[in-house]
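Welcome to the tour. Keep your viewer open and your selection tool ready, and we will go from stop to stop together.

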Amino acid sequence: MYRLPRLWKRGSWRTWGWICGILIFCYPAVVPMRKMATRSYEDPLLLHTLLTKPQTRISRGQMLSLLRDLKEEDGGEAVEKLRTLCSLYLQMNLEEKANALVHFCLRFGSEIPGNANAFSGIPGDPEIGFHGEKSPKVCRNDSKFLSVISRMIEMKGGLDFLVNVRGDILTIQRAAQYQLEESKNETEKKNGTIFRNALLSKLSTYLHSLFRQRFREDILEIRRISWESPEDLLRDITEFEAVHPVENRQDLKNRLGAGRRCFGLFHPKMEQKPLAFVHAALTHGYPPGDIRRIIGKTAEYLNSDTKATHIAFYSISSTQQGLSGVEIGAFLLKKAIPQVRLDIPSVSCFLTLSPVPQLRSWILRELTNGSSFLNSSEESQLITLLPPHLPSDTLSTSSLLANLLSVEAMNWWALGESKQASQAREVLEPVLLRLAARYFLLEKRPNRPDKPFDPVANFHLRNGASLHRIHYLANCNPYGLNQSCGIMVNYAYNITEAVTRSNKNAYSKGNVVASETVWEYLGEPTSKL
């Protein structure tokens with residue numbers, strides 16, 4: 001009561017004048033913004049603004065309004081609102097997508113068990129209260145949920161959208177896992193993340209089961225991809241190559257040229273992009289056990305495909321993260337092999353040249369746990385062949401091998417041209433082949449003690465292949481050395497249905513079907529299946 005009159009009497013009318021002027025000036029801009037925040041999605045001007053300006057962010061109230069309308073309406077208006085929702089979703093960043101998906105689950109999903117504290121990290125919802133004031137139970141309306149999903153699938157681009165949604169969920173959950181590890185002492189934040197994961201996991205599980213029905217083997221189509229294919233398709237092949245990155249346009253042209261094959265797997269409703277693709281090399285005789293003879297500057301090519309007797313599938317990549325857990329890669333190989341037999345009847349042997357992405361990390365982990373993989377003769381030879389920067393007088397057997405498998409040391413002995421590096425390669429060859437055989441034949445997954453530890457081996461053995469050969473220094477590119485010390489393997493696919501069925505049966509019982517050569521590396525030739 002004292003300061004205000006005194007302030008006015010002191011002649012601060014200029015200050016009040018500035019304040020009033022600013023309010024008058026800003027009023028025309030503030031009022032439309034407030035109206036936009038409360039306007040219905042039926043307003044065409046608001047829809048146009050949100051759909052044509054990606055920087056315009058959708059508010060929580062707008063999202064709930066749209067979901068409420070979507071749940072209550074049927075017919076053409078519901079379809080139009082669904083298209084609007086999909087368009088808005090695609091403009092969001094990952095965190096906004098996570099919140100939008102949570103709202104969708106709360107609006108349409110099944111009853112969610114949990115405690116009220118789990119809502120502390122999630123934006124509030126009128127049905128459950130804000131920050132968990134009420135019991136975390138959600139009204140279920142499965143028929144409406146299924147109706148929304150059904151409409152979305154029938155929309156042009158709708159199935160592709162749902163696949164992208166599940167891909168986003170998997171990305172969000174991976175990020176949340178990291179967040180949980182970083183926020184061990186932040187109980188409120190941790191509970192919110194756990195609750196969000198529980199909601200999104202239910203949606204992800206449903207979509208996974210839906211995709212297993214919608215992406216059946218009999219629905220999918222296989223097509224050959226060549227250098228004459230559309231530019232967008234070639235761009236996808238380059239971008240999504242996950243095993244051996246494409247260096248440049250000429251490298252891609254070589255992979256699609258003479259003596260090579262590339263097949264893509266397509267869905268009738270997603271014709272613009274392959275779900276997965278596989279690269280293969282045609283050879284006369286047994287394919288090379290070195291990836292540099294298949295791709296790169298030193299690659300070898302057949303002049304005529306009719307001379308081919310073998311084919312080596314050396315790279316399988318997926319373009320759709322949202323289809324993780326659906327056997328797209330298996331369907332691709334099942335369709336590619338008959339297609340090759342049809343196109344080139346002279347080909348009778350079907351192999352892969354596959355990476356071993358976790359071999360080096362497994363060896364180093366075993367060495368850290370105290371395992372000793374060297375005998376006395378190998379140890380004494382390697383100590384004399386160590387590069388100068390590695391001290392030999394303080395190394396134990398395990399640390400000796402660990403040091404030799406460091407990135408710097410591998411570049412020296414795997415790529416070096418000196419006599420000492422060459423001798424180190426000779427000594428390490430039986431060691432790494434023995435370790436690779438043990439890794440494939442004996443190591444099992446911690447959560448599935450009846451299944452091989454290696455994920456690539458699981459994929460091929462589950463689909464009826466057998467472990468045929470192990471190749472030493474088959475991939476001396478930086479990523480090959482870092483992943484597997486340069487080791488690559490052949491899996492053999494037999495075109496005889498009885499053999500394939502027998503291999504699958506052995507895998508289901510926890511056995512690894514491998515050639516006698518592979519078992520001999522382990523020193524147990526009589527264990528061959």
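Before the first stop, one convention: an angle of 65 to 115 degrees between two axes counts as roughly perpendicular. Please also keep in mind that you are looking at a predicted model.

**The whole chain**

Start with everything shown as a cartoon. The protein has 21 helices and seven strands. Of its 529 residues, 48% count as buried. Among contacts between residues at least 6 apart in sequence, 70% join residues at least 24 apart.

**Stop 1: helices 13 and 17**

Select residues 359-368, which form helix 13, and residues 419-441, which form helix 17. Their axes are 11 Å apart and the two helices pack at an angle of about 95°. Helix 13 and helix 17 are therefore roughly perpendicular to each other. As for the residues in this contact, they divide into seven nonpolar, no polar and two charged.

Now show side chains. From helix 13, bring up Leu359, Trp362, Ile363 and Glu366. They meet Leu432, Leu435, Ala436, Arg438 and Tyr439 of helix 17.

**Stop 2: from Glu429 to Leu473**

Stay on helix 17 and pick Glu429, which has its place there. With a relative accessible area of 34%, Glu429 is partly exposed. From here, draw a distance to Leu473, C-alpha to C-alpha: the two residues are 8.5 Å apart in space, and 44 residues apart in sequence.

Where does Leu473 sit? Look in the loop between strand 6 (466-471) and helix 19 (478-484). Leu473 is buried, its relative accessible area being 13%, under the 20% cut-off for that class. Check the backbone too: Leu473 is not a glycine, yet it has a positive phi of about 50°.

**Stop 3: Cys485**

Follow the chain through helix 19 and stop in the loop between that helix and strand 7 (488-493), where you will find Cys485. Here is another non-glycine residue with a positive phi, this time of about 60°. Is Cys485 buried or exposed? At 0% relative accessibility, Cys485 counts as buried.

**Stop 4: His310**

Next, select strand 4, residues 310-318, and zoom in on His310. His310 has 15% relative accessibility, so it counts as buried. Which residues does His310 touch, leaving aside those up to four places away in sequence? Show Ala281, Leu282, Thr283, Gly285, Tyr286 and Pro287, then add Val347 and Cys349. Among these neighbours, Gly285 deserves a closer look: its backbone oxygen lies 3.2 Å from a polar atom of the His310 side chain.

**Stop 5: helix 6**

For the last stop, select residues 94-108, the 15 residues of helix 6. From its first C-alpha to its last, helix 6 reaches 21 Å, close to the 21 Å expected at 1.5 Å a residue.

Go to the start of helix 6 and show Asn93: one of its side-chain oxygens reaches to within 3.2 Å of the backbone nitrogen of Glu95.

Then bring back the surroundings. Why is helix 6 largely enclosed by the rest of the structure? Because eleven of its 15 residues are buried. To see them, select Lys97 and Ala98, then Ala100 and Leu101, and carry on through Val102, His103, Phe104, Cys105, Leu106, Arg107 and Phe108. Notice that the buried residues of helix 6 include Lys97 and Arg107 as well as Phe104 and Phe108.

Definitions and conventions: Residues are numbered from 1 along each chain as its sequence is written. This is a predicted model: local features need pLDDT of at least 70, side-chain atom pairs count only at pLDDT 80 or more; totals for chains, interfaces and linings use all residues. Side-chain values use heavy atoms; hydrogens and water are left out. Helices (H or I, at least four residues) and strands (E, at least two) are DSSP runs, numbered from the N terminus. The expected span of a helix is 1.5 Å times one less than its number of residues. Buried means under 20% relative accessible area, exposed over 50%, partly exposed in between (1.4 Å probe, protein chains only). A polar contact is a pair of N or O atoms within 3.5 Å; within protein, one must be able to donate a hydrogen and the other to accept it, and residues adjacent in sequence count only if both atoms are side-chain atoms. Contact means heavy atoms within 4.5 Å. Axes are lines fitted to C-alpha atoms, for helices over the stretch in contact, and angles run from 0 to 180 degrees between N-to-C directions. Angles under 35 degrees count as roughly parallel, over 145 as roughly antiparallel, 65 to 115 as roughly perpendicular and the rest as oblique. Ala, Val, Leu, Ile, Met, Phe, Trp, Tyr, Cys and Pro count as nonpolar, Asp, Glu, Lys and Arg as charged, and the others, Gly among them, as polar.
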